[in-house]
Amino acid sequence: MKFYPPLIGITTSGQNQTGSFCVRREYIDAVRRAGGLPMLLPPGEPHLATVLEWVDGILFSGGGDIDPATYNGAAHPTIYNVNAERDRFELSLAQLALHSDIPILGICRGLEILVVASGGKLVTHLPDEFGETITHRAQQTRPCEHSIQITTGTRLASIISPGEAKIISWHHQAASTIPTAWRLAAQAPDGVIEALEHEYHPWAIALQWHPELALNDTRQQRIFRTFVTAAQHRKAAFSQKTG
């Protein structure tokens, strides 16, 4: 029997000034290295159910901020790159995916999308609430590194081990609360929520940091391998059902 790698849908930015939909190549590299076949999902696609029929896993990628109006948040001068079409597309896709069995991985903005889609709210600008003892973003255009604590007993801990981990961080917002049906999977020393995982969905993990920027970190890359493996198992199970 011929092997077909699982198809991993990766969300992209909204159209830029040249009319292009973009995503950083590290997401694609990470999925490929984990054995998946990347497929880009640009905003505006109306046939969301069809998307879920085609792909075997969904990766909600990072990017600009979500419009605070979507979670009853307040405007803030640091909010940037808001794209209403992308917000609508990803929030709708996330809600549909969370009611399916498709493996889901959210990264940075992807975590925030899953939180808002689940009825949660965001911290609009981290320094305002958590101070600057931990730098979560060196500046808007540059990531930084800091430590986190992986929660014992979580799926994430089983993937990369519990306790302290070094991560690459590039965000100024985060979940302010843990939505219903989600649980804490990692936290920064200043209390910022760094990872969540769904309690009932077969495989849904959301990370505030950027594991795709740590391609040489074997612990971080286990996240992508486990995600792609879950997508492969779902693909195989579906193939058996359909004969």
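This passage looks at one helix, an aromatic pair and a pocket in a predicted model.

Residues are numbered from 1 along each chain as its sequence is written, and side-chain values use heavy atoms, with hydrogens and water left out. As the model is predicted, local features need pLDDT of at least 70 and side-chain atom pairs count only at pLDDT 80 or more, while totals for chains, interfaces and linings use all residues.

A good place to begin is helix α7, residues 218–242; helices here are DSSP runs (H or I, at least four residues) and strands likewise (E, at least two), numbered from the N terminus. The 25 residues of α7 should span 36 Å at 1.5 Å a residue, and the end C-alpha atoms are indeed 36 Å apart; the expected span is 1.5 Å times one less than the number of residues. Among the buried residues of α7 are Ile223, Phe224, Phe227 and Val228, where buried means under 20% relative accessible area (1.4 Å probe, protein chains only).

Phenylalanine 227 also takes part in the one aromatic pair counted. Rings of Phe, Tyr and Trp (its six-membered ring) pair if their centres lie within 6.5 Å, with planes under 30 degrees apart stacked, over 60 edge-to-face and the rest tilted. The partner is tryptophan 203; the centres are 5.5 Å apart and the planes at 40°, so the pair is tilted. Tryptophan 203 sits in the loop between β10 (193–198) and β11 (204–207), so the pair ties together parts 24 residues apart in sequence. Both tryptophan 203 and phenylalanine 227 are buried.

Helix α7 returns in the lining of the second largest pocket, giving four residues, the largest share. A pocket is an open set of points on a 1 Å grid over the protein atoms alone where a 1.4 Å probe fits, with protein on both sides within 12 Å along at least five of seven lines; lining residues have an atom within 4 Å of a point. Among the lining residues are Trp54, Arg234 and Phe238.

Definitions and conventions. Buried means under 20% relative accessible area, exposed over 50%, partly exposed in between (1.4 Å probe, protein chains only).
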